[in-house]
Amino acid sequence: MGPDADVLNVASGQIAYRFHARDVNLIMGPVAPGATVRFRVTIDGKPVGAAHGVDVDEEGNGKVTGQRMYQLIRQPAPIAEREFIIEFLDPGVAVFDFTFG
């Protein structure tokens, strides 16, 4: 953990978080400019399906390609408390902050 970001230096790192919101966004980027870091998102241990955000497919797969905010989850109604997990399949990602909507 650094003063500005948490950096994953090996593959298969993950973050688990319980949330109650429609949207889950994460500000992150690759450590090396131009690199791509693959990730997978689940809700309650299952693929996200219809609750996927614009940066994730229905199976929960996505790619970090630049430093920005990624929309990972957009829950359809009804909004409920859920467990979110993001697993990084490649090393070299810097994670800065979650935002919720």
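In this predicted model, ring pairs tie Tyr17, Phe84, Phe98 and Phe100 together into a cluster. The structure holds five aromatic pairs. A pair of this kind is described by how far apart the ring centres lie and by the angle of the planes. For phenylalanine 98 and phenylalanine 100, the centres are 6.0 Å apart and the planes sit at 15 degrees, so this pair counts as stacked. The two partners do not share a burial class: phenylalanine 98 has 18% relative accessibility and counts as buried, while phenylalanine 100, at 37%, counts as partly exposed. Another ring, that of tyrosine 70, has a charged neighbour, with arginine 68 lying over its face at 3.8 Å from the ring centre.

Stepping back to the whole chain, the secondary structure comes to nine strands and zero helices, so the run of elements from the N terminus reads simply β-β-β-β-β-β-β-β-β. As for overall size, a compact globule of 101 residues would have a radius of gyration near 13 Å, and the chain agrees with that at 13 Å. The C-alpha trace spans about 40 × 25 × 20 Å along its principal axes. Buried residues account for 40% of the 101 residues. Contacts reach well along the sequence, too: among those between residues at least 6 apart, 78% join residues at least 24 apart.

Strand E3 (residues 23–30) is a good place to start on the strands. Seven of its eight residues are buried, so the rest of the structure largely encloses E3. E3 pairs with two strands, E7 and E9. With E7 (residues 68–74), E3 runs antiparallel over six bridges, and here isoleucine 27 stands opposite methionine 69. With E9 (residues 93–100), the arrangement is again antiparallel, this time over seven bridges. Valine 24 has phenylalanine 100 as its bridge partner in E9, and that phenylalanine is also a member of the aromatic cluster described above.

Strand E4 (37–43) tells a similar story. Five of its seven residues are buried, so E4 too is largely enclosed by the rest of the structure. Its pairings involve E5, E6 and E8. Four bridges join E4 to E6 (residues 61–64) in the antiparallel sense, with valine 37 matched to valine 64. The pairing of E4 with E8 is also antiparallel and extends over five bridges; in it, phenylalanine 39 stands opposite phenylalanine 88. Then there is E5 (residues 46–47), which runs antiparallel to E4 and is joined to it by two bridges, and isoleucine 43 has lysine 46 as its bridge partner there. E4 and E5 form a hairpin with two residues between them, and aspartate 44 in that turn has a positive phi of about 50 degrees.

Threonine 42, also found in strand E4, is worth a closer look. At 18% relative accessibility it falls under the 20% cut-off, so threonine 42 counts as buried. Setting aside neighbours within four places in sequence, threonine 42 is in contact with Val48, Glu83, Phe84 and Ile85. One of these contacts, Phe84, belongs to the aromatic cluster.

How do the strands contribute to the nonpolar interior, and which residues touch the most other members of the largest core? That core has 23 residues, and Met28, Leu72 and Phe88 are the ones that touch the most other members. The elements giving two or more residues to this core are E3, E4, E7, E8 (82–88) and E9. E4 supplies the largest share, with four residues. Phe88 thus turns up twice, as a residue of this core and as the residue opposite phenylalanine 39 in the E4–E8 pairing.

Finally, there is the loop between E8 and E9, where proline 91 lies. Proline 91 has a relative accessible area of 40% and is therefore partly exposed. Its C-alpha atom is separated by 4.9 Å from that of asparagine 9, although the two residues are 82 apart along the chain. Not counting residues up to four places away in sequence, proline 91 touches Leu8, Asn9, Val10, Ala11 and Val37. Val37 ties this loop back to the E4 strand, being the residue whose bridge partner in E6 is valine 64.

Terms used: Residues numbered from 1 in each chain as written. Predicted model: local features only at pLDDT ≥ 70, side-chain atom pairs only at ≥ 80, totals over all residues. Heavy atoms only, no water. Buried < 20%, exposed > 50% of the residue type's maximum accessible area, 1.4 Å probe, protein only. Pairing = 2+ DSSP bridges. Core = buried A, V, L, I, M, F, W, Y, C linked by side-chain atoms within 4.5 Å. Contact = heavy atoms within 4.5 Å. Phe/Tyr/Trp six-rings, centres within 6.5 Å; stacked < 30°, edge-to-face > 60°. Lys NZ or Arg CZ within 6 Å of the ring centre and 35° of its normal. Rg over C-alpha atoms; globule rule 2.2 N^0.38 Å.
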